[in-house]
Amino acid sequence: MSTLSVRLPNSLHNKLKEMAEKDGVSMNQFITLAVSEKVSAMATAEYLAKRAENGDRAAYENVLKHVADIPPESYDVKD
């Protein structure tokens with residue numbers, strides 16, 4: 001495991017402490033979770049971008065041609 005020293009503005013440090021207490025975890029756990037979420041989000045975006053490069057618009061439109069043209073159910077319609 002690694003140790004990382006980070007400088008934070010006092011206002012951010014105070015908010016971090018408050019949110020970690022509210023969540024019932026240590027500040028270290030809260031920061032670890034926040035960094036994990038960010039890394040996961042960035043990895044997912046990278047994965048999806050690579051998948052999108054392989055997209056085929058013509059094949060997509062061909063699939064859509066086979067979808068029935070019927071009105072949506074009432075619970076799917078926004079009022």
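Here's a quick briefing on two helices and a pocket in this structure. Keep in mind that the model is predicted. The helices in play are α1 (10-23) and α2 (27-53), and each puts at least two residues into the lining of the largest pocket. They also pack against each other, with axes that come within 9 Å and cross at roughly 95 degrees.

**How α1 meets α2**

- With a crossing angle of roughly 95 degrees, α1 counts as roughly perpendicular to α2, because angles of 65 to 115 degrees fall in that class.
- On the α1 side, the contact is made by His13, Leu16, Lys17, Met19, Ala20 and Asp23, while α2 brings Met27, Phe30 and Ile31.
- Sorted by class, that contact between α1 and α2 has 6 nonpolar, 1 polar and 2 charged residues.

**α1 and what comes after**

- α1 has 14 residues, so at 1.5 Å a residue it should span 20 Å; its end C-alpha atoms sit 20 Å apart, which agrees.
- Just past the end of α1, Gly24 adopts a positive phi of about 75 degrees.

**The largest pocket**

- Its volume comes out at about 580 Å³.
- The largest pocket has 19 lining residues, and those nearest its centre are Val6, Asn28, Ile31, Thr32 and Val35.
- α2 is the top contributor to the lining of the largest pocket, giving 8 residues.
- The lining of the largest pocket breaks down into 12 nonpolar, 6 polar and 1 charged residues.
- Ile31 turns up twice: this α2 residue takes part in the contact with α1, and Ile31 is also among the residues nearest the centre of the largest pocket.

Definitions and conventions: Residues numbered from 1 in each chain as written. Predicted model: local features only at pLDDT ≥ 70, side-chain atom pairs only at ≥ 80, totals over all residues. Heavy atoms only, no water. 1 Å grid on protein atoms, 1.4 Å probe; cavity = no way out; pocket = protein on both sides within 12 Å on 5 of 7 lines; lining within 4 Å. Points joined across faces, edges and corners; volume = space filled by probe spheres on them. Helix = DSSP H or I, 4+ residues; strand = E, 2+ residues; numbered from the N terminus. Nonpolar A, V, L, I, M, F, W, Y, C, P; charged D, E, K, R; others polar. Axes fitted to C-alpha atoms, helices over the stretch in contact; angles between N-to-C directions. Parallel < 35°, antiparallel > 145°, perpendicular 65-115°, else oblique. Contact = heavy atoms within 4.5 Å. Expected span 1.5 Å × (residues − 1).
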